[in-house]
Amino acid sequence: MKNLSAQNSSFTDFVFNGFNSLEEWRPFLFIPFFLMFVLSITANCSLICLVISQKSLHSPMYVLICLLAVVDLILPIISVPKMLLSFLFNWSGISLTGCLIQMFCINYVASFQSTLLLWMAVDRYFAICKPLNYHIYVEISNFLKFVVVPLIRNVLLNVTMVSMAAKLSFCLTNVIDHCFCEHMALVQLACGDTSVNNLLGLVTAILIPTADCILITVSYVVIFASVIKSGKAQMKALNTCITHIIVMAFSLTFALIAYLSYRIRNNFSPNSRVFASTMYILFPSCFNPIIYGVRTKEIRQRFLQFIREVKVFP
C-alpha cells in the first residue's frame, strides 16, 4: 500500500540541483555568474537609457535594438538571482507553481527575443531593398501586421506547452538537474507518458526559433543579393545587417545546443547541458549590447558624446 501511495502522489515542491557534481566547488560558481549578471544589467540599462535619451536614435531600427536590450535585461532577472542564491546559500527550493511561472516567463521572453531578431531583419529588408516604401512600413498600422501574428503564435505555443506540463504527475523525484525551470528538465521528472509534451516542445522549437531563423536567413540573402547588384552604394547599410547576424548567430547557437542537449543525452554530461542552457540566457544578454555599441556607428558616437558631456558637466 505504501508503494501504491507513493506512485499516486505527485511532488509539488522541487529542488534545483545544477552543477551538483562539482560538490564543494559549486559555491565558487557564484563569482563568474554574478559578474556576468552585473555586466548584463549594466550594459543593457546603459543601451536602453542611451536610446531613450537621444532623439536622433528614435527611429524604428534603434527602437528594436532598445526592445532587444529590454528582453536581454528581463531574461537574467527572471532566472539568475535564484541560481545565485542556490550557489551561495544552497537556497534551491521552488514550488511547482513558481516553477511553471518561471518556465513560461523564460520561454516567452526568449521567444520574443527570436521574434525581435526577425523584425530587425524585416526592417533592414525594407530599408535596403524597398527604400521608397520604408516610410509606409514604419507606419503603426502596417507595422502591427508584422507584430501581431508572431506575438499570438508565441503566446499560444508557450501557454499550451506550460499548461500541458502542469497536468503531469511528478512521482519519480523532485530534484531538477538544472539551475532554473526549463521545460524538458521538469518534464523528464514526470511519471507516465510524456510523448505529447516532448512533441509539443519539438513543435514549439520548430515554429518559433527555427521558423524565425529561416525567415531571417531568407531576408538577409535577399538583402545581400540586392546590395551586390546595386554595387557599393548601399555597402554602409550592410554594417548593421552584419551586426544583426552576429547577434543572431550567438543567440541561436546557444539555443540549439541547449535544445539538443536533452535529445542527445549520451553525448552531453549534466554539467554541459546546464552550462549550455545558462549561457543561452546569459551570454547574449551580456554581449548583445556590447556588440551593438561597438559595431553600430550611431550608437557608438552617441555613447562617446554622452561620456564627454558627463566629463564636462560632472
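Let's start with F170. F170 is buried, at a relative accessible area of 0%. Keep in mind that this is a predicted model.

Where does F170 sit? In the loop between α6 and β3, and β3 is residues 175-176. Now look at what surrounds F170. Set aside the neighbours within four places in sequence. F170 then contacts S9, S10, F11 and F14, and also L96, A165, L186, L189 and A190. Also, take D13. F170 and D13 are 157 residues apart in sequence. Their C-alpha atoms are 9.8 Å apart in space.

Next, the helix before that loop. α6 covers residues 140-166, which is 27 residues. From first C-alpha to last, α6 reaches 37 Å. The expected figure at 1.5 Å a residue is 39 Å, and the helix comes close to it. Where does α6 bend? At F146, by about 25°. A proline, P150, follows within four residues.

P150 is also one of the buried residues of α6. The others in that list are N142, V147, R153, N154, L157, N158, M161, V162 and A165. You have met A165 already, as a contact of F170. What covers these buried residues? The cover includes α4, α5 at 134-137, α7 at 183-187 and α8 at 195-230.

On to α4, and its packing with α10. α4 is residues 96-129 and α10 is residues 270-295. The two helices pack at an angle of about 30°. Their axes are 12 Å apart. The crossing of α4 past α10 is left-handed. Which residues make the contact? From α4, they are I106, A110, Q113 and M120. From α10, they are Y280, I281, P284, N288 and Y292. By class, that contact has seven nonpolar residues, two polar and no charged.

Stay with α10 for a moment. α10 has 26 residues, so at 1.5 Å a residue it should span 38 Å. The end C-alpha atoms are 36 Å apart, which agrees. There is a bend too, of about 40°, at M279.

Back to M120 of α4, since it turns up again. M120 touches Y220. Y220 belongs to helix α8. Is Y220 buried or exposed? Y220 counts as buried, because its relative accessibility is 4% and the cut-off for buried is under 20%. Leaving out residues up to four places away in sequence, Y220 touches M120, A121, C241, H244 and I245. Look at A121 in particular. Y220 and A121 are 99 residues apart in sequence. C-alpha to C-alpha, they are 6.9 Å apart in space.

Last topic: two residues with positive phi. One is F19, and the other is N90. F19 has phi near 60°, a positive value in a residue other than glycine. F19 is in the loop between β1, residues 13-16, and α2, residues 30-53. N90 also is not a glycine, and its phi is positive at about 60°. N90 is in the loop between α3, residues 60-89, and β2, residues 93-95.

What about their accessibility? F19 counts as buried, at 6% relative accessibility. N90 is exposed, with a relative accessible area of 56%. The cut-off for exposed is over 50%.

To close, three points. F170 is buried at 0%. The contact of α4 with α10 has no charged residues. And Y220, in α8, touches M120, which is part of that contact of α4 with α10.

Notes: Residues numbered from 1 in each chain as written. Predicted model: local features only at pLDDT ≥ 70, side-chain atom pairs only at ≥ 80, totals over all residues. Heavy atoms only, no water. Axes fitted to C-alpha atoms, helices over the stretch in contact; angles between N-to-C directions. Left-handed = near helix turned anticlockwise from the far one by under 90°. Contact = heavy atoms within 4.5 Å. Nonpolar A, V, L, I, M, F, W, Y, C, P; charged D, E, K, R; others polar. Expected span 1.5 Å × (residues − 1). Bend = angle between axes of the 7 residues up to and from the residue. Buried < 20%, exposed > 50% of the residue type's maximum accessible area, 1.4 Å probe, protein only.
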